[in-house]
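This report walks through the architecture of one protein chain and then turns to selected side-chain contacts and backbone angles. Please keep the sequence and the coordinates at hand while reading.

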Amino acid sequence: MPGPLTASTVPAQTADVELYVEVQHFYARQMQLLDTRRCAEWAATFTEDGVFAANGLPAPAEGRAAIGAAAQAAQDRLAEQGLVHRHWLGMLAVERVDDTTVRARSYAVVLQVPLGGEPALHRSTVCEDTLVRGEDGDLLVLDRRVTRDDLA
């Protein structure tokens, strides 16, 4: 597997426009699934053996089932607290590795909205993904690394 796409390795020329737009659309769909608490559908955007690792979590979630269960538990906690999260990905860099693999790096901002209250910035992160083509040709996350800006 190629190394991570970092600020120093982002290519000067991004991937072709069609791929770039496809990745943007994938993230829009994926984040809206999570933000509307459709955790099983969100988890289905990862490969069966996908990994979700974040420096704010005690350990990576490995496998689609574990990723889905962790997302559902987090969404349940938010619902109990009367909170909604909205994920916004931007400053996207995309690199085609080969015919089936894409690396993507973006800034991910999480807004926290209390029901009846004002939205506030909850997290600022960097999201580094290795995306692969599934059997149907759609993109899936093989490996996600989320680094919170407020943690070492």
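The sections below treat the sheet, the helices, the salt bridges, one aspartate and a few backbone angles of a predicted model.

## The sheet

The sheet is open and consists of six strands, which follow one another in the order β2-β1-β6-β5-β4-β3 with mixed pairing. Its edges are formed by β2, which covers residues 61-62, and by β3, each of these strands pairing on one side only. Next to the β2 edge, strand β1 (residues 46-54) pairs with β2 in the antiparallel sense, over two bridges, and F52 has A61 in β2 as its bridge partner.

Further along the sheet, β4 and β5 are paired in the antiparallel sense over 12 bridges, with T101 finding its bridge partner in V132 of β5. The pairing of β5 with β6 is likewise given as antiparallel and runs over nine bridges; here R133 is matched with L139 in β6.

## Helices against the sheet

Which strands does α1 touch as it packs on the sheet? The helix is in contact with β1, β3, β4 (101-114), β5 and β6, and its direction makes an angle of about 160 degrees with that of β3. Helix α3, made up of residues 64-80, also packs on the sheet, where it touches β1, β2, β3 and β6, and its direction lies at about 50 degrees to that of β1.

## Salt bridges

How many salt bridges does the model contain? The count comes to nine, and one of the pairs joins D16 to R96, with the closest N and O atoms 2.5 Å apart. This pair links distant parts of the chain, since D16 belongs to the segment before α1 (17-35) while R96 sits in strand β3 (residues 83-96), the two being 80 residues apart. D16 has a relative accessibility of 36% and therefore counts as partly exposed, and R96 is likewise classed as partly exposed because its value is 38%.

A second pair, R133 with E22, has its side chains meeting in a salt bridge with an N to O distance of 2.5 Å. It too links distant parts of the chain, connecting R133 in strand β5 (residues 120-133) with E22 in helix α1, 111 residues away. With a relative accessible area of 27%, R133 is partly exposed, and E22, at 28% relative accessibility, also counts as partly exposed. R133 thus appears in two roles, as the salt-bridge partner of E22 and as the bridge partner of L139 in the pairing with β6.

The side chains of R148 and D150 meet in another salt bridge, for which the N to O distance is 2.7 Å. Is R148 buried or exposed? R148 counts as buried because its relative accessibility is 15%, and the cut-off for that class is under 20%.

## Surroundings of D143

D143 is located in strand β6, which spans residues 139-148. Its relative accessible area is 12%, so D143 is classed as buried. The side chain of D143 is joined to that of R145 by a polar contact of 2.8 Å. When neighbours within four places in sequence are left aside, the residues in contact with D143 are V51, E128, D129 and T130.

## Hairpins and positive phi angles

Two hairpins contain a glycine with a positive phi. In the hairpin of β4 and β5, where five residues lie between the strands, G116 in the turn has a phi of about 80 degrees. In the hairpin of β5 and β6, which also has five residues between its strands, G137 adopts a positive phi near 95 degrees.

Positive values also occur in residues other than glycine, and two of these deserve a look during a geometry check. R37 has a phi near 60 degrees and is placed in the loop between α1 and α2 (39-43); its relative accessible area of 32% makes R37 partly exposed. M91, by contrast, lies within strand β3, with a positive phi near 55 degrees, and counts as exposed because its relative accessibility is 66%, where the class begins over 50%.

Definitions and conventions
Residues are numbered from 1 along each chain as its sequence is written. This is a predicted model: local features need pLDDT of at least 70, side-chain atom pairs count only at pLDDT 80 or more; totals for chains, interfaces and linings use all residues. Side-chain values use heavy atoms; hydrogens and water are left out. A salt bridge is a side-chain nitrogen of Lys or Arg within 4 Å of a carboxyl oxygen of Asp or Glu. Helices (H or I, at least four residues) and strands (E, at least two) are DSSP runs, numbered from the N terminus. Buried means under 20% relative accessible area, exposed over 50%, partly exposed in between (1.4 Å probe, protein chains only). A polar contact is a pair of N or O atoms within 3.5 Å; within protein, one must be able to donate a hydrogen and the other to accept it, and residues adjacent in sequence count only if both atoms are side-chain atoms. Contact means heavy atoms within 4.5 Å. Two strands pair if DSSP finds at least two bridges between them. Axes are lines fitted to C-alpha atoms, for helices over the stretch in contact, and angles run from 0 to 180 degrees between N-to-C directions.
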